[in-house]
Amino acid sequence: MCSLQALCSGLPLRPLPENRGRRAGVPHAPVRTPGLSPREEQLALKNALRYFPPDVQEVLAPEFAQELRLYGHIYMYRFCPDLEMRAYPVEQYPCRTRAAAAIMLMIMNNLDPAVAQFPQELVTYGGNGQVFSNWAQFWLTMSYLAQMTEEQTLAMYSGHPLGLFPSSPEAPRLVITNGMVIPNYSSRTDYEKLFAVGVTMYGQMTAGSYCYIGPQGIVHGTVLTVLNAGRRYLGLQDLAGKVFVTSGLGGMSGAQAKAAVIVGCIGVIAEVDGAALMKRHRQGWLMEVTDSLDHCIGRLREARKRKEVLSLGYHGNVVDLWERLVHELDTTGELLVDLGSDQTSCHNPFNGGYYPVQLSFAEAQSLMASDPTAFKGLVQESLRRHVSAINRLARERFFFWDYGNAFLLEAQRAGADVGKPGANRTEFRYPSYVQHIMGDIFSQGFGPFRWVCTSGDPQDLEVTDRLATSALEEIVAAGVTPAVKLQYVDNIRWIREAAKHQLVVGSQARILYSDQKGRVAIALAFNQAIARGELKAPVVLSRDHHDVSGTDSPFRETSNIYDGSAFCADMAVQNFVGDAIRGATWVALHNGGGVGWFQPVAVSSTGCPEAQLRGEVINGGFGLVLDGTEDAERKARRVLSWDVANGVARRCWSGSPTAYEVICQTMREDSGMVVTLPHAVADERVLQALRL
């Protein structure tokens with residue numbers, strides 16, 4: 001076993017570590033089929049070998065070539081560290097700066113087998129959300145971080161550590177870009193080749209920016225979504241005895257089972273991958289499992305009758321489950337489900353994100369690699385069946401929503417009946433959870449704020465929970481609007497319940513939806529507690545890029561932007577740059593995210609470039625280390641204020657009256673904020689007089 005000291009000493013070359021290849025008993029990423037030409041294969045090998053001196057290339061070249069042939073990518077399995085990969089207490093990292101040590105902790109948490117979906121392929125979640133492209137990049141990055149001073153910044157080019165460059169203590173210690181491909185080449189075919197060649201990668205949202213905190217990262221949002229769905233569609237505050245059916249127990253989707261228990265309903269979650277399902281069961285995130293549809297339906301009926309709180313994992317395809325629910329409805333007249341959604345990685349439907357109902361998991365894995373065209377056809381047929389079953393149930397008192405995973409988008413492309421008369425380009429028959437369930441949450445400035453206690457001590461997490469609760473209660477006591485108060489009440493309830501549900505997987509972390517005022521108050525409380533010694537080590541602040549101003553995504557985060565700017569990405573780029581100049585410890589800008597890198601646009605009759613595939617989302621993120629200093633407090637005020645206000649101001653201009661009220665209030669409270677505001681909504685009489 002190597003040590004953290006050895007891990008920070010650069011690539012292990014003399015001697016080379018033993019090549020043990022892919023490890024048995026560990027989940028592995030699906031085989032990729034990039035379709036490289038012989039010349040492109042040579043280029044992929046050249047790009048991989050340039051990390052190594054000439055005297056070892058003769059040994060490495062044949063095995064790298066074999067990896068490329070077998071798996072469609074050069075992961076460099078030989079260099080997968082012989083070390084327990086986890087978030088070690090921050091003081092154990094051999095670094096010259098606290099910031100670098102915190103970043104190391106976050107990187108290793110992303111690759112912890114308890115956290116990561118495919119740890120040997122450096123995939124954290126979403127089927128293809130890479131931390132790095134290969135293991136050489138991991139070793140070099142750790143070495144650079146160990147050397148880094150407060151006068152240097154490490155530049156990361158899609159997993160590749162370009163090097164340490166002179167900067168200043170005010171500058172970020174790390175600047176990350178992932179997948180920033182020229183728009184005309186942001187296509188599925190181009191991406192597969194560029195990733196295989198080793199020059200770009202898909203970082204998802206928090207995989208390639210080192211901010212993932214395990215499935216807890218989405219639990220709070222899922223709790224709020226299911227709660228608000230019950231309020232909006234069922235008219236209920238109490239969901240006891242109500243049934244929520246969905247699919248996906250892999251990366252972030254693993255949160256659904258825990259969320260169902262927290263809101264007090266019955267959650268039935270289908271998962272085709274037995275390893276993923278059992279992982280959640282062992283971690284206590286899933287109460288029961290079954291591979292029998294008969295048992296699943298029987299258990300569901302029993303739980304409804306008794307109003308049990310239950311999370312039940314069905315090992316099988318969700319299409320079979322939906323079709324069985326239709327059968328029960330048509331034969332008995334009994335509707336057994338109240339709420340439904342989908343959290344498969346449908347942004348990546350043809351390479352492991354969605355599995356067709358016609359095949360077993362193993363058969364699908366095989367066909368995906370051997371005949372991608374046939375596999376795609378089966379996926380699209382499965383999506384049509386999937387939607388057909390949902391449509392039948394939706395004619396009763398059953399409510400389905402899109403979870404922003406590109407499910408309805410891919411279903412539409414497959415020819416499924418998801419259309420909505422008179423809809424714009426971002427709307428379907430079923431609503432987006434952003435638009436219709438979470439409501440004005442982003443316009444109010446609320447989003448998934450996160451923190452990590454770098455001490456690794458659960459007691460520190462307890463202290464932060466208490467401090468965060470007190471900070472929010474003080475804000476409510478000082479007076480907020482009724483709509484904002486409801487958000488605070490839900491979030492105070494969450495933070496009080498969180499510790500009871502064993503949400504920590506990996507680092508000692510917490511997620512809490514909060515607005516600008518809440519985030520700043522919480523950050524200052526943490527920083528002061530560190531200064532007093534109440535917290536034993538620094539705290540890392542971050543957020544999901546799925547937030548108020550981090551992401552431009554017309555089918556999810558910005559789907560409710562109605563001024564025609566839903567397809568513009570100025571906000572995410574401004575977020576990235578703005579956080580950098582205000583003192584964030586690291587910043588990240590990604591092409592791609594929760595709804596994918598590449599999606600097709602309408603095919604033109606002429607076969608022009610418009611018919612190619614195009615990117616779907618741009619997102620920006622940050623990390624900020626609080627260390628108890630006045631400098632950290634100053635940076636927290638600047639970064640967290642901008643990180644929220646940027647998005648609220650943008651929504652104000654798109655016509656959101658909620659955002660207008662929030663930004664006006666913020667301007668009154670912050671003497672340094674001056675924002676151009678719209679005079680009024682366009683007068684319809686003026687427009688009508690033009691007879692447009």
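This is a chat between a student and an author about a predicted model of a protein.

Reader: Okay, let's start with salt bridges. How many does the structure hold?

Author: The structure holds 42 salt bridges.

Reader: Can you show me one? What does R98 pair with?

Author: R98 forms a salt bridge with D627, and the closest N and O atoms are 3.1 Å apart. The pair links distant parts of the chain, with the two positions 529 residues apart in numbering: R98 is in helix α4, while D627 is in the loop between β19 and α21.

Reader: And is D627 buried or exposed?

Author: D627 counts as buried because its relative accessible area is 19%, and the cut-off for buried is under 20%. Its partner R98 is at 48% relative accessibility, so R98 counts as partly exposed.

Reader: Got it. Which helix holds both E328 and R324?

Author: That's α11, residues 318-332. E328 and R324 sit four residues apart there, about one turn of the helix. Their side chains meet in a salt bridge at 2.9 Å, N to O.

Reader: Why would residues four places apart point the same way?

Author: An α-helix has 3.6 residues a turn, so residues three or four places apart point the same way.

Reader: Are E328 and R324 buried or exposed?

Author: Both E328 and R324 are buried. They also belong to a network of salt bridges that links D294, R301, R304, R324, E328 and E334.

Reader: What about E396, which residue does it bridge to?

Author: E396 forms a salt bridge with R392, with the closest N and O atoms 3.0 Å apart. R392 is buried because its relative accessible area is 17%, whereas E396, at 35%, counts as partly exposed.

Reader: New topic: helices. How many residues of α7 are buried?

Author: In α7, 18 of the 19 residues are buried, so the helix is mostly covered. From its first C-alpha to its last, α7 reaches 26 Å, close to the 27 Å expected at 1.5 Å a residue. Just after α7 comes G235, with a positive phi of about 70 degrees.

Reader: And α19, how far apart are its end C-alpha atoms?

Author: They are 24 Å apart, which agrees with the 24 Å that its 17 residues should span. α19 is mostly covered too, with twelve of its 17 residues buried. Among them are V520, I522, L524 and F526. After α19 comes G533, whose phi is positive, near 85 degrees.

Reader: Which residues have a positive phi without being a glycine?

Author: Y210 has one of about 65 degrees, and K307 has one of about 55 degrees. Most residues other than glycine have a negative phi. Y210 is in the loop between α6 and α7, and K307 is in the loop between α10 and β9.

Reader: Buried or exposed, those two?

Author: Y210 counts as buried because it is at 1% relative accessibility. K307 is at 55%, so it counts as exposed.

Reader: Which peptide bond is cis?

Author: The one from R14 to P15 is cis, with omega near 5 degrees. P15 is in the loop between α1 and α2.

Reader: Last one: how much space lies in the largest cavity?

Author: About 70 Å³ of space lies in it. Its lining has 14 residues, and the closest to its centre are A44, A48, N134, V197 and G198. α2 and α6 each supply at least two residues of that lining.

Methods: Residues numbered from 1 in each chain as written. Predicted model: local features only at pLDDT ≥ 70, side-chain atom pairs only at ≥ 80, totals over all residues. Heavy atoms only, no water. Buried < 20%, exposed > 50% of the residue type's maximum accessible area, 1.4 Å probe, protein only. Expected span 1.5 Å × (residues − 1). 1 Å grid on protein atoms, 1.4 Å probe; cavity = no way out; pocket = protein on both sides within 12 Å on 5 of 7 lines; lining within 4 Å. Points joined across faces, edges and corners; volume = space filled by probe spheres on them. Salt bridge = Lys/Arg side-chain N within 4 Å of Asp/Glu carboxyl O.
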